Every structure is written in structure tokens, then in C-alpha cells.
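Biologist: I'm new to this one, so could you pick a single part and take me through it closely? After that, please show me how the rest of the fold connects to it.

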Amino acid sequence: CREAMGLMLVVCKIHQDGFGLIDSAVRKVDATKSMELKEHHPPYSQIIKHVENDDLDLKNNSLALLTVIIEKATTNETRVELLHSWGFQGLLGAVSSQMNRVHQAEFQMLATGLMTMTNDL
């Protein structure tokens, strides 16, 4: 899972339409789910849940991917919509909780950056 998250991060970061590719893939997977699954696992929930994973590399890759997705989103409206949705999915609480537990410099930098982006929008 760590490698898949890292690969998605690289694609999103370096491809001209990295956001579009990742967002489209996430939404296509979501479209195949039953209504019950959609309610319990909204788009991006599988990435968000890894913020609390015990694997530090997976945790960092997840935060980095979410940050790059926001950075590469095509409009400010899209950024706000994503952050709003992720907030309902518990991202901000998870990041805040992990910031108190994980003291590794890279994680703290990624978490602080994501929280700052959230406050700026």
C-alpha cells in the first residue's frame, strides 16, 4: 500500500494533469460501489484513513498526496470542496491527533502544511 500511495503521489506531482488523473480514478472507483459502501467510504476515504496508519512512510505518503491534490486542484472552489469533504471524513482531527503523537520532522512538516492550507481556504 505504501508503494501505491507513493506512486500516486509521483503521478499527481509530475503529470501536467496529475490532479485530474487521481481525482478521476478515485471517482471511478467510487462509482462502482454500492450506495451503502459509498455512505461509509466516500471518495478519498481510503487515502485519509492511512494518515493514522502505524507505517510512518505510508502516513507521510498519504499526507503528501493529499497536499499535492489540493495544490494541483484546478480551482479554488475544488480545493474548498475537497477540504470540506475531507473534514467531514475526519482528516483534520486525524492530522491533529497524529501531530501530538508523531514527532518525526517530515510528518510534522507535511501535517503543518496541510493544516495551513486548510486555514488559508
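Modeller: Sure, let's begin with N60, which is found in helix 5. Keep in mind that this is a predicted model. N60 has a relative accessibility of 3%, and because anything under 20% is called buried, N60 counts as buried. Setting aside neighbours within four places in sequence, N60 is in contact with Q104, E106, F107 and L110.

Now look at the helix around it. Helix 5 runs over residues 56–72, and it gives the most to the largest nonpolar core, with eight residues. That core has 32 residues in total. The ones with the most contacts inside it are Y44, L63, I69, W86, L91 and V95. Helix 5 has company there: the elements giving two or more residues to this core are helix 1, helix 2, helix 4, helix 5, helix 6 (76–88), helix 7 (91–101) and helix 8 (105–120).

Y44 is a nice one to click on next. Not counting residues up to four places away in sequence, Y44 touches F19, I22, D23, V26, R27, I69, L82, W86 and Q89. Two of those names, D23 and R27, come back in a moment, when we get to the charged pairs.

Back to helix 5, this time for D57. R2 forms a salt bridge with D57, with the closest N and O atoms 3.8 Å apart. This pair links distant parts of the chain, since R2 is in helix 1 and D57 in helix 5, 55 residues apart. D57 has a relative accessible area of 41%, so it is partly exposed. R2 is partly exposed too, at 33% relative accessibility.

R2 has another partner as well. D55 forms a salt bridge with R2, and here the closest N and O atoms are 2.9 Å apart. D55 lies in the loop between helix 4 (45–48) and helix 5, while R2 is in helix 1 (residues 2–14), so the pair ties together parts that are 53 residues apart in sequence. With a relative accessibility of 22%, D55 counts as partly exposed. Taken together, R2, D55 and D57 are linked in a network of salt bridges.

The count of salt bridges comes to three, and one of them joins R27 and D23, whose side chains meet at 3.0 Å, N to O. R27 and D23 are four residues apart in helix 2 (residues 18–31), so about one helical turn separates them. Their surroundings are worth a look: R27 is partly exposed, with a relative accessible area of 36%, whereas D23 counts as buried at 13% relative accessibility.

Helix 2 also takes us to the last stop, the largest pocket, which has a volume of about 250 Å³. Of the 16 residues that line this pocket, the closest to its centre are M8, V26, V29, Q46 and I47. The elements that give two or more residues to the lining are helix 1, helix 2 and helix 4. Helix 2 gives the most, with four residues. By class, the lining has eleven nonpolar, three polar and two charged residues. V26 ties two parts of this tour together: V26 is touched by Y44, and V26 is also among the residues closest to the centre of the pocket.

Key
Residues are numbered from 1 along each chain as its sequence is written. This is a predicted model: local features need pLDDT of at least 70, side-chain atom pairs count only at pLDDT 80 or more; totals for chains, interfaces and linings use all residues. Side-chain values use heavy atoms; hydrogens and water are left out. A salt bridge is a side-chain nitrogen of Lys or Arg within 4 Å of a carboxyl oxygen of Asp or Glu. Buried means under 20% relative accessible area, exposed over 50%, partly exposed in between (1.4 Å probe, protein chains only). A nonpolar core is a set of buried Ala, Val, Leu, Ile, Met, Phe, Trp, Tyr and Cys residues joined through side-chain atoms within 4.5 Å. Contact means heavy atoms within 4.5 Å. On a 1 Å grid over the protein atoms alone, a cavity is a set of points where a 1.4 Å probe fits but cannot get out, and a pocket is an open set with protein on both sides within 12 Å along at least five of seven lines; lining residues have an atom within 4 Å of a point. Grid points are joined across faces, edges and corners, and a volume is the space filled by probe spheres set on the points. Ala, Val, Leu, Ile, Met, Phe, Trp, Tyr, Cys and Pro count as nonpolar, Asp, Glu, Lys and Arg as charged, and the others, Gly among them, as polar.
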